[in-house]
Amino acid sequence: MSLLLKASNGHLFLSSSIASMATCSSFCAQLPIHFRPIPIASSFPTNQPFKPFSAQASISPANDGGSPNTIGFLGLGIMGSPMAQNLIKSGCDVTVWNRTKSKCDPLISLGAKYKPSPEEVTAACDVTFAMLADPECAVEVACGKHGAASGMGPGKGYVDVSTVDGGTSKLICGHIKASGASFLEAPVSGSKKPAEDGQLIFLTAGDKSLYETVAPFLDIMGKSRFYLGEVGNGAAMKLIVNMIMGSMMATFSEGLLLSEKVGLDPNVLVEVVSEGAISAPMYSLKGPSMVKSLYPTAFPLKHQQKDMRLALGLAESVSQPTPIAAAANELYKVAKSHGLSDSDFSAVIEALKGKVQS
Ligand SMILES: NC(=O)C1=CN([C@@H]2O[C@H](COP(=O)(O)OP(=O)(O)OC[C@H]3O[C@@H](n4cnc5c(N)ncnc54)[C@H](OP(=O)(O)O)[C@@H]3O)[C@@H](O)[C@H]2O)C=CC1
Ligand SMILES: O=CCCC(=O)O
């Protein structure tokens, strides 16, 4: 069996020696998740760097059920641009579209093709990924006039990696599947840097066959992937993760400000936290700049507030109390009202200061 592995340098490779080790379950259990063997079709090339499709004949999965040759990418913001870039750099044949066309230009320079509408992208591509800001624009791009669904058809696949709620995902799924195509929701955990480094975590749900078809692409863009069953489950998992993250950032902000007010050095607090059981990369990464009131945007605050809102809606739908998240959401709303929507979500700390700094 051929095995696709991802090394710490981000390269994908096949290894028969690790393949034989991998048949031993005790070895597998010790592998970190991003090093667990992923069985793939034997038709994939075995040389590095991994160039999955450039050398293949132009055969559409629409007629042979094989591997996709052409990849579409819709939405080239903070996350979409590096994700599409990694696909291009891995040798994939990528066609891009973005509402603001200028964001396509760097990718075109790297070899991407361009189409002027989502419909034309999906019509030209076997599989199309979409990385869009929020539920409203994810629906508009997928289901609107000249939207992605209009270019879909049997044998094609649509993979929505935006963070939306389950209801939105199901709506988009319905439009895509009405064309005869397959649908996968695959929101990601991980921010700008993991997107650049191909270290995202995909939380997928939907058509299992499409999940298997696009797995090599997910492994170019990410370090691990979860298949969670029915459409809506990936969205729910993502919203719960981000609800926890948003609450953590809010209480971390309180701690930084409190430490300063009682005469402690907040930088030392960041260090103490990083040594103990509550350490998290997020605190070490963002803490030092938060102390300096700097919020270079990796994850826009407006998106974090959107995710808190959607997570609270999810909780409401099953009558689950989430008072901590509800309180944190209020802080993000205050930060938005202070004009911090496009700052990093760590700028939520400003909502706790007596006077908002510019
Ligand atoms: N940044 C992060 O750390 C992470 C973000 N996410 C999620 O990924 C998604 C994208 O995030 P990110 O890349 O940071 O966001 P950005 O705000 O950087 O990009 C948003 C994208 O959506 C497009 N868009 C917005 N409104 C519309 C519209 N009405 N019609 C068409 N396109 C539109 C933008 O186009 P244009 O360029 O024209 O504005 C852009 O391509 C969000 O759902 C976010 O929650 C998930 C994990 C991490
Ligand atoms: O949705 C954004 C997630 C950011 C992260 O996981 O670091």
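Which residues does Leu314 touch, not counting residues up to four places away in sequence? In this predicted model, the contacts of Leu314 beyond that sequence window are Asp165, Ala236 and Leu239. Leu314 itself belongs to helix H14, which comprises residues 301-317, and it counts as buried because 20 C-beta neighbours fall inside 10 Å, where 20 or more are required for that class. Tyr332, by comparison, lies 18 residues from Leu314 in sequence, and the C-alpha atoms of Leu314 and Tyr332 are 18 Å apart in space.

The surroundings of the two ligands were examined next. The shell around ligand 1 holds 26 residues, of which Gly77, Arg99, Thr100, Ser191 and Phe299 come nearest. Sorted by class, this shell around ligand 1 contains 12 nonpolar, 9 polar and 5 charged residues. The most is given by helix H7, spanning residues 135-143, which contributes 3 residues to the shell around ligand 1. Because domain 2 (58-230) and domain 3 (235-352) both give residues to this shell, ligand 1 lies between them.

Ligand 2, in turn, is surrounded by Thr163, Ser189, Gly190, Ser191, Asn242 and Phe299. Its shell divides into 1 nonpolar and 5 polar residues, with no charged residues. Ser191 and Phe299, listed here around ligand 2, are also among the residues that come nearest to ligand 1.

Attention then turns to strand S5, formed by residues 93-97, which is mostly covered, with 5 of its 5 residues buried. In a regular strand the side chains alternate between the two faces of the sheet. For S5, both faces are covered, since Asp93, Thr95 and Trp97 on one side are buried, as are Val94 and Val96 on the other.

The pairing of S5 involves two strands that are described here in turn. With strand S4 (residues 70-74), S5 pairs in the parallel sense over 5 bridges, and within this arrangement Phe73 has Val96 of S5 as its bridge partner. The connection between these strands includes helix H4 (residues 80-89), and S4, H4 and S5 together make a right-handed β-α-β unit. Strand S6, made up of residues 113-114, is joined to S5 by 2 bridges, and S5 and S6 likewise run parallel. Here Val96 stands opposite Tyr114 in S6, so that Val96, a buried residue of S5, has a bridge partner in Phe73 and also faces Tyr114, within a strand whose pairing rests on DSSP bridges.

Methods. Residues are numbered from 1 along each chain as its sequence is written. Chains are lettered from A and ligands numbered from 1 in the order in which they are written. This is a predicted model: local features need pLDDT of at least 70, side-chain atom pairs count only at pLDDT 80 or more; totals for chains, interfaces and linings use all residues. A residue is near a molecule or strand if its C-beta atom, placed from the backbone, lies within 6 Å of it. Helices (H or I, at least four residues) and strands (E, at least two) are DSSP runs, numbered from the N terminus. Ala, Val, Leu, Ile, Met, Phe, Trp, Tyr, Cys and Pro count as nonpolar, Asp, Glu, Lys and Arg as charged, and the others, Gly among them, as polar. Domain bounds come from an automatic or database domain assignment. A residue is buried if 20 or more other C-beta atoms lie within 10 Å of its own, exposed if 12 or fewer, and partly exposed in between; C-beta atoms are placed from the backbone. A crossover is right-handed if, with the strands pointing away from the viewer, the path from the first strand over the helix to the second runs clockwise. Two residues are in contact if their C-beta atoms, placed from the backbone, lie within 7 Å.
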